[in-house]
Amino acid sequence: MPGTILLVGCGKMGGALLGRWLDAGVADRVTVIEPNARLVPDDRRVTVLPGPNALEPTDAPEALVLAVKPQVMADVAPAYRSVVERGAVALSIAAGLPLRFFADIYGAQAPCVRAMPNTPAAIGRGMTVLVAAPHVTQPQRTRCERLMAAGGEVAWLDDEALIDPATAVSGSGPAYVFLLIEVLAEAGRRAGLPADLAMRLARQTVIGSAGLAEASDDDAATLRRAVTSPGGTTEAALGELMGEDGIARVFERAVAANMRRSQELGS
Ligand SMILES: NC(=O)c1ccc[n+]([C@@H]2O[C@H](COP(=O)([O-])OP(=O)(O)OC[C@H]3O[C@@H](n4cnc5c(N)ncnc54)[C@H](OP(=O)(O)O)[C@@H]3O)[C@@H](O)[C@H]2O)c1
């Protein structure tokens with residue numbers, strides 16, 4: 001059943017989600033608060049307002065989606081207290097901000113849900129993890145799940161502590177994959193390929209491998225072994241990637257750095 005949504009912040013992630021809600025028909029009316037009105041799609045179901053003061057005192061959306069940067073959330077979120085008091089579930093997608101941050105603003109018993117989506121949500125291929133405060137009702141959970149599922153797959157966490165490692169894997173993960181395309185293309189260029197061709201080969205290899213991982217019943221390790229003949233060229237390359245200073249250690253450090261930053265943002 002479509003409903004009414006108040007979206008605060010229509011940048012990269014808020015805008016991606018909004019596009020999916022409209023495409024998937026999960027919201028029949030969305031009010032967007034966003035200083036840069038040109039970021040908001042021109043659609044008869046969408047109303048853009050410059051700030052919370054322009055809301056009607058009777059406006060009662062079913063969900064308040066907070067999609068501004070974590071650094072400004074403490075200044076932005078309190079203006080929507082009355083919307084939560086009128087029954088909206090508060091759904092934050094901000095990295096690093098714990099449920100207790102929103103409980104401090106909206107009250108200990110307020111229905112708050114924290115979600116961590118990723119940018120492939122823009123094409124309905126995202127991965128979102130969600131965690132709810134204990135007193136969030138089942139209909140409110142369903143409402144939040146429906147909003148995030150418009151962007152792809154969703155998984156609920158029982159333990160909020162897991163949202164930081166989930167952020168480090170799937171929330172930020174698309175950046176790691178795009179970097180993989182960049183560095184693989186650059187290595188190809190340095191090895192003599194024309195830059196355009198190297199980029200095309202690297203990009204299509206990542207796209208094709210992701211598609212194969214999705215289409216196949218085999219796990220990633222089995223798919224990797226299927227490309228790796230003993231004594232062959234792939235095995236020689238994997239010797240470097242999987243060595244002592246290889247990609248596993250680099251990713252361990254990257255995930256740890258990501259989680260440290262989540263903790264800094266949340267404190
Ligand atoms: N991008 C991702 O991959 C990703 C993934 C998961 C979660 N997130 C989370 O999503 C949130 C948004 O990230 P983003 O990458 O979409 O950032 P973004 O592109 O900067 O979007 C935030 C938008 O909110 C606007 N804004 C600033 N103050 C506002 C206010 N008072 N009221 C309404 N809108 C306001 C910003 O305008 P100005 O630019 O003029 O300030 C900007 O257009 C963050 O909390 C982030 O942690 C992002």
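**Entry 1: β5, β6 and what sits between**

I started with Leu91 and found it opposite Val113 in β6. Note to self: this is a predicted model, so I'm reading computed geometry throughout.

Next I looked up how β5 (residues 89-92) and β6 are paired. They run parallel and are joined by three bridges. I then checked the connection: β5, helix α4 (residues 99-106) and β6 make up a β-α-β unit, and it is right-handed.

How many residues of strand β6 are buried? I counted five of the five in residues 112-116, so the strand is largely enclosed by the rest of the structure. Then I sorted them by direction. Cys112, Arg114 and Met116 point one way, Val113 and Ala115 point the other way, and all are buried. That fits the textbook pattern: in a regular strand, side chains alternate between the two faces of the sheet. I made a note of Arg114 in particular, since this arginine is among the buried residues of β6.

**Entry 2: on to β7 and β8**

I moved to the next pairing of β6. Strand β7 (residues 126-132) runs antiparallel to β6, with four bridges between them. Arg114 turned up again here, standing opposite Val131 in β7.

Which strand pairs with β7 in the parallel sense? I found β8 (residues 152-156), held over five bridges. One pair I wrote down is Gly126 with its bridge partner Gly152 in β8. I also traced the link from β7 to β8: with helix α5 (residues 138-149) they form a right-handed β-α-β unit.

**Entry 3: Ala103 on α4**

Back to helix α4, where I picked out Ala103. Buried or partly exposed? I got 15 C-beta neighbours inside 10 Å for Ala103, so it counts as partly exposed. Leaving out residues up to four places away in sequence, Ala103 touches Ala108, Ala110, Cys112 and Ala133. Cys112 is one I already had on my list, as a buried residue of β6. I also took a C-alpha distance: Ala103 and Val84 are 19 residues apart along the chain and 11 Å apart in space.

**Entry 4: Thr4 and Leu212**

I looked at Thr4 in strand β1 (residues 3-8). Thr4 has 16 C-beta neighbours inside 10 Å, and therefore goes down as partly exposed. Its contacts, leaving aside neighbours within four places in sequence, are Ala27, Arg29, Pro61 and Glu62. I then checked Thr4 against Leu64: 60 residues apart along the chain, with 9.3 Å between the C-alpha atoms.

For another spot I chose Leu212, in helix α8 (residues 195-215). Leu212 has 14 C-beta neighbours inside 10 Å, so I entered it as partly exposed. From Leu212 to Thr234 is 22 residues along the chain, and their C-alpha atoms are separated by 18 Å.

**Entry 5: around the ligand**

Which residues come nearest to the ligand? Of the 26 around it, I got Gly9, Gly11, Met13, Ala94 and Ala95. The elements giving two or more residues to this shell are α1 (12-24) and α2 (70-76). By class, I tallied 16 nonpolar, seven polar and three charged residues in the shell.

**Entry 6: domains and helix α6**

I noted the division of the chain: domain 1 covers 3-159 and domain 2 covers 173-266. Their centres, taken over C-alpha atoms, are 33 Å apart. How many residues of domain 1 are in contact with domain 2? I found nine, and they meet five residues of domain 2. On the domain 1 side of this contact I have six nonpolar residues, three polar and no charged.

Then I looked at helix α6 (residues 163-171). Ile163, Asp164, Ala166, Thr167, Ala168 and Gly171 are buried there. The cover over these residues includes β6, β7, α7 (173-190) and α11 (247-266).

**Entry 7: the whole chain**

Last, I stepped back for the totals. The chain has 11 helices and eight strands. Its C-alpha atoms fill a box of roughly 70 × 35 × 35 Å along the principal axes. Of the 267 residues, 33% are buried. Among contacts between residues at least 6 apart in sequence, I have 62% joining residues at least 24 apart.

Key
Residues are numbered from 1 along each chain as its sequence is written. This is a predicted model: local features need pLDDT of at least 70, side-chain atom pairs count only at pLDDT 80 or more; totals for chains, interfaces and linings use all residues. A residue is near a molecule or strand if its C-beta atom, placed from the backbone, lies within 6 Å of it. Ala, Val, Leu, Ile, Met, Phe, Trp, Tyr, Cys and Pro count as nonpolar, Asp, Glu, Lys and Arg as charged, and the others, Gly among them, as polar. Domain bounds come from an automatic or database domain assignment. Two residues are in contact if their C-beta atoms, placed from the backbone, lie within 7 Å. A residue is buried if 20 or more other C-beta atoms lie within 10 Å of its own, exposed if 12 or fewer, and partly exposed in between; C-beta atoms are placed from the backbone. Two strands pair if DSSP finds at least two bridges between them. A crossover is right-handed if, with the strands pointing away from the viewer, the path from the first strand over the helix to the second runs clockwise.
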